[in-house]
Amino acid sequence: MDIRISKESEVSLRQQVTEQIILLIATEKLEPGEALPSVRELARRLKIHHNTVSHAYQDLVQRHWVVSKRGSHLVVIRELEEPTDEARQQDLDELMNVTIELARRRGYSLQQLVDRVRERLLMRPPDHILVVEEEAGLRRLLQEEIQAALRWPVEGCSQKELATNPNLAIGALAVTPQYAVGDTAPLLPKDRPAVPVAFWPGDEYVGLVRKLRAPSLIAVVSVSQLFLQTAMGFLAPAVGRKHTLSQYLLPLENSNALRGVDVIFCDSIALRHVKSPNRVHCRLAAPASIEYLSGAMESYQTALRSKRDSRPG
């Protein structure tokens, strides 16, 4: 462990040892399951009394950074036992305070720390997916379908929000409709471009309308005004003068609005709200795009695991 202490500092040796070990764990220089040196071994390395190290280790145990295993050795905890939101916030605040204080002692300004932290975070493999789309309803739909298909957390923002707050891209693999790639690309790190999403072609829905023999009432229900406009446009030729086509934006003002409708095309969110047996699920994202997105996330995760496995020791 790379621990440097100063006997001239106003900060106690015990606190110096404790906080520097926490920083090593937080920056993954000490990984989950890794054993700490014995009390006497670390005391000998640092040339301090073994009681000081013992007390520092006790602090780490009490603060749930390490646990006693394999005899008398302490190891970095693999997983905390479901901490409360308040405990998580306290742990994060504590970690940030330690980092700020150590950076200050070593002569770095707060701006240098902010710039370096952001740079390092942008270099980390993504741990969640960020849907970037200007229209809120369409963004919700993409989030819904991606979250249902993949195991990673999915968040969303507009291009305007991302331009105002570039930190939204930290830790994220951005996803955006194909038509928006040009607007979204300048807002993202160059080494992690957005994954374009193609939309479901909708041929099967047009085919379903063409198969209707008798004049029918047809409705499209969605949380997205853009989805409604697009659906109405590609269904219109098949509907012609034979059928009646209507659109409904959720939430419905009248719960009986869809009574008597023969075919109800629902987006992935509307499907949960419309209980009619005549509903048809209209997906937004093409399966190939979801599959490509999954492969991209897996590639980043594999690269991270390979990097960790290649570390010496």
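1. In this predicted model, R4 counts as exposed, because its relative accessibility of 57% lies above the 50% cut-off for that class. R4 forms a salt bridge with D2, and the closest N and O atoms of the two side chains are 3.6 Å apart. The count of salt bridges in the model comes to six, and two further members, E19–R63 and E144–R272, are taken up in the points that follow.

2. A salt bridge also joins E19 to R63, with 3.3 Å between the closest N and O atoms. This pair links distant parts of the chain, since E19 belongs to helix α1 (residues 13–26) while R63 sits in the loop between α3 (50–62) and β1 (66–68), 44 residues apart. On the side of the acid, E19 is buried, with a relative accessible area of 13%, whereas R63 is partly exposed, with a relative accessible area of 25%.

3. The side chains of E144 and R272 meet in a salt bridge, for which the N to O distance is 2.4 Å. E144 is found in helix α6 (residues 136–149) and R272 in helix α11 (residues 270–273), so the pair ties together parts that are 128 residues apart in sequence. For E144 the relative accessible area is 26%, which means that this residue is partly exposed; R272, with a value of 44%, is likewise described as partly exposed.

4. Turning to H243, the residue is placed in the loop between α10 (225–239) and β8 (244–249), and it is buried, because its relative accessible area of 7% falls under the 20% cut-off. A polar atom of the H243 side chain lies 3.0 Å from the backbone nitrogen of S216. S216 also appears among the contacts of H243 once neighbours within four places in sequence are left aside, together with V209, L212, A214, P215, I218 and A238.

5. On the surface, L92, M96, I100 and L110 make a nonpolar patch of about 370 Å². Helix α4 (residues 85–105) gives the most to this patch, contributing three residues. L92, one of the residues of the patch, lies in helix α4 and is partly exposed, with a relative accessible area of 42%.

Note on methods: Residues numbered from 1 in each chain as written. Predicted model: local features only at pLDDT ≥ 70, side-chain atom pairs only at ≥ 80, totals over all residues. Heavy atoms only, no water. Patch = residues over 30% accessible without salt bridge, like charges linked within 9 Å, V, L, I, M, F, W, Y side chains within 5 Å. Areas by Shrake-Rupley, 256 points an atom, 1.4 Å probe, with all protein chains shown as cover. Salt bridge = Lys/Arg side-chain N within 4 Å of Asp/Glu carboxyl O. Helix = DSSP H or I, 4+ residues; strand = E, 2+ residues; numbered from the N terminus. Buried < 20%, exposed > 50% of the residue type's maximum accessible area, 1.4 Å probe, protein only. Polar contact = N/O pair within 3.5 Å; in protein donor to acceptor, adjacent residues only side chain to side chain. Contact = heavy atoms within 4.5 Å.
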